[in-house]
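Trainee: Please take me through one open pocket in close detail, then work outwards from there. Give me the residues, the strands and the distances.

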Amino acid sequence: MMQANAAAQTANTPATTQPTPNDDKTLQILSTDLLEVIAKGNKPARKLIGNVMLQQGEVTMHCDSAMFYFEDNNIEAFGNIHIAQGDSVNIYSDRLLYNGNKQKATLYDRVKLNDKTTDIKADTLYYFVASKKAVLQNNVFMTDKKNDVYADKVEYFVNTKKAELYNNVRLTDGKVNITAQHMDYDVNSQEGTYSGGGKLVDGSTTLTSEKAHYYGATKKTVFEENVHLISPEYDLHTPLLNYDIRTETAEFSGQSSIKGKDGSTINTNSGVYDTKNDRLKLSQRTAVNNPPQTLIADDLDYNKVTGFGKARGNVLWTDTSQNVTIKSQAADFDDKNHTVLAYNRPVLINISGKDTLFLTADTLKGFTQPNKPKGAKPDAKQDTTRQKAFYAYRNVHIFRPDMQGICDSLVYSTTDSVFRMYYNPIIWSDNNQLYADTIIAYTKNNRLQQVHLIRSAFMATKEQEGVFNQVKAKNITGFFNDSTITHIFADGNAESIYYIKNEKQEYSGLNRAQSKQMYIYFKSKDIDRISFLDKPEATFYPIQQVHPADFILKGFQWQEKKRPQRPQLFLQ
């Protein structure tokens with residue numbers, strides 16, 4: 001009886017309320033199991049129950065039940081709602097409000113939109129049929145099967161496959177997470193952009209910036225303005241950074257600063273940071289400050305894991321605790337073993353008081369080690385300070401105001417200011433030339449104190465052209481006061497030739513002597529007297545009988561031409 005009355009009411013409905021088949025905005029009922037015409041409030045409505053299907057233009061709507069307010073061209077639908085627009089858009093929910101005149105759908109509860117490339121879920125969706133624009137709110141989740149996006153609100157344009165994301169936005173590819181308060185995302189290109197601040201998190205690496213552009217296809221992100229990278233080892237600030245998600249490397253440019261967790265700071269203009277392997281490659285002039293040491297170079301390659309690094313181009317290494325600077329074109333350093341190896345025209349500069357030592361060689365190696373007493377037990381209290389020493393290899397030249405020297409191998413300790421010279425070493429001090437197989441020179445307060453000439457030792461003083469005072473022995477020890485020689489001790493088959501002057505400083509004769517040992521004392525840089533030990537043999541020659549060329553000890557060579565002349569030559 002209810003269905004019959006309903007059918008009668010339907011038949012008596014005025015023609016003006018009937019759908020017009022050719023009107024794209026008029027909703028049409030295609031099917032339903034049950035239809036009732038009722039009045040809801042003051043508005044007539046058709047109540048549709050079971051397998052409901054309606055249509056508006058290219059849009060079809062399916063649901064379990066619906067209220068069709070045909071005078072207003074509106075629908076309120078419930079249960080298993082499915083809206084299909086052509087073959088490209090499908091929308092699902094449990095509740096629908098549809099304004100046919102505005103072609104606007106409002107969907108609630110378990111909302112889902114699919115356009116073949118993208119799935120979007122939310123609590124609420126507003127869909128505009130004509131523009132194919134979807135606005136989703138609350139607990140929004142969007143995926144294109146390659147990247148997932150979460151947000152409080154999303155505006156999605158089906159035709160262009162572009163989305164605008166708002167509030168608590170998070171984009172993830174399963175490895176990294178990018179968060180911001182506003183982001184634009186292009187499904188076709190898999191590109192996302194934020195401005196107004198955002199963050200990327202990749203494992204233990206975090207990147208923040210004012211702006212960023214994410215390229216999903218290549219897994220790269222470009223960060224701009226106030227870029228800040230934080231990793232377990234470094235804190236990096238830079239104006240521009242490209243981050244490769246696959247390789248976990250960051251390439252940055254512009255004036256950049258890096259702070260290490262060890263307290264070191266780096267200033268550079270360009271570089272690449274491998275966050276996975278903690279490796280830095282820096283260029284365009286880089287300065288590393290790790291007190292008391294600093295390192296400046298055109299290019300720098302440093303591996304934090306191994307502690308090994310390479311500096312290239314106009315390298316300047318400084319240790320302020322030792323007042324030591326090394327200049328070179330190339331240097332390798334090892335943080336774990338506290339060593340630095342400089343080559344390609346290296347120069348060591350050691351400032352002490354008003355004087356400066358210059359040392360150059362083909363290769364310089366510096367190392368730092370603890371002051372550890374010999375035989376100290378592991379638990380014994382030890383001096384925790386560190387001593388610095390340098391090795392110089394091949395073509396070694398040294399210059400200091402009170403001393404100059406050459407050799408082929410040298411060890412220099414800045415802690416005790418001791419020079420150990422090997423392979424054809426020669427030292428010049430004033431007009432004295434000292435050489436032997438090995439030389440050990442002791443200095444204090446930047447002044448020469450003592451020199452040990454070991455094996456085949458020679459010491460000579462040039463009186464005038466071709467005239468030389470000479471001492472030869474197995475070993476010779478020279479003693480100095482304020483870098484001026486006071487006396488020497490010649491030990492082992494000692495021989496000497498020296499010219500004697502009268503009170504008028506005129507040459508009066510020559511003394512030639514041999515002894516197992518002898519002491520030679522100086523006064524005002526000239527030989528004053530000689531003390532012989534153990535059966536000396538000495539001969540005096542009047543000056544008239546002396547031909548200087550005949551009085552040269554075997555093995556003696558005057559090598560003034562090899563003497564380093566001025567520090568400027570070291571810096572060329």
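Mentor: The second largest pocket holds about 240 Å³ of space. A pocket here is an open set of points on a 1 Å grid over the protein atoms alone, with protein on both sides within 12 Å along at least five of seven lines. Its lining residues have an atom within 4 Å of a point. Points are joined across faces, edges and corners, and the volume is the space filled by probe spheres set on them. This is a predicted model, with residues numbered from 1 along each chain as its sequence is written, and side-chain values use heavy atoms without hydrogens or water. Local features need pLDDT of at least 70 and side-chain atom pairs 80 or more, while totals for chains, interfaces and linings use all residues.

Thirteen is the number to keep in mind: 13 residues line this second largest pocket. Nearest its centre are Tyr-499, Lys-501, Asp-526, Ile-527 and Asp-528. Two strands (DSSP E runs of at least two residues, numbered from the N terminus) give two or more residues to the lining: β37 (484-501) and β39 (526-533). β37 makes the largest contribution, with four residues.

Ile-527 leads on to another space. Besides lying among the residues nearest the centre of that pocket, Ile-527 helps line the largest cavity. A cavity is a set of grid points where a 1.4 Å probe fits but cannot get out. How many cavities of 30 Å³ or more are there? The count is one. The space in this cavity is about 50 Å³. Along with Ile-527, its lining is made by Met-459, Ala-460, Thr-461, Asn-469, Gln-470, Val-471, Ile-497 and Phe-522. Strands β35 (447-464) and β36 (467-481) each supply at least two of the lining residues.

Now look at Ser-515. This residue sits in strand β38 (residues 507-523). Is Ser-515 buried or exposed? Ser-515 is buried, at 5% relative accessible area. Buried means under 20%, exposed over 50%, and partly exposed in between, with a 1.4 Å probe and protein chains only. Leave out residues up to four places away in sequence, and Ser-515 touches Asn-493, Ala-494, Phe-532, Leu-533, Asp-534 and Pro-536 (heavy atoms within 4.5 Å). Its side chain makes two polar contacts to backbone oxygens: Gln-517 at 2.8 Å and Leu-533 at 2.4 Å. A polar contact is an N or O pair within 3.5 Å, one able to donate a hydrogen and the other to accept it; residues adjacent in sequence count only if both atoms are side-chain atoms. Ala-538 is 23 residues from Ser-515 in sequence, with the two C-alpha atoms 8.6 Å apart in space.

Next, the largest pocket. Its volume is about 670 Å³. The lining takes in 30 residues, and Asn-290, Gln-293, Trp-317, Asp-335 and His-338 lie nearest the centre. Eight strands each give at least two residues to this lining, among them β20, β21, β23 (308-319) and β29 (386-400).

β20 and β21 also frame a bond to check. The loop between β20 (286-290) and β21 (293-297) holds Pro-292. The peptide bond from Pro-291 to Pro-292 is cis, with omega near 10 degrees. Most peptide bonds are trans, and most residues other than glycine have a negative phi.

Two residues go against that second tendency. Asp-109, in strand β7 (residues 104-114), has a positive phi of about 65 degrees. Asp-109 is partly exposed, with 43% relative accessible area. Asn-139, in strand β9 (residues 133-143), has a positive phi near 55 degrees. Asn-139 counts as exposed, at 59% relative accessibility.

Last, a loop aspartate. Asp-173 lies between β11 (162-172) and β12 (177-186). Asp-173 is buried, at 18% relative accessible area. What does its side chain reach at 2.9 Å? The partner is the backbone nitrogen of Val-176. A polar contact of 3.2 Å also joins the side chains of Asp-173 and Lys-219. Beyond its neighbours within four places in sequence, Asp-173 is in contact with Lys-146, Asn-147, Tyr-214, Lys-219 and Ile-245.
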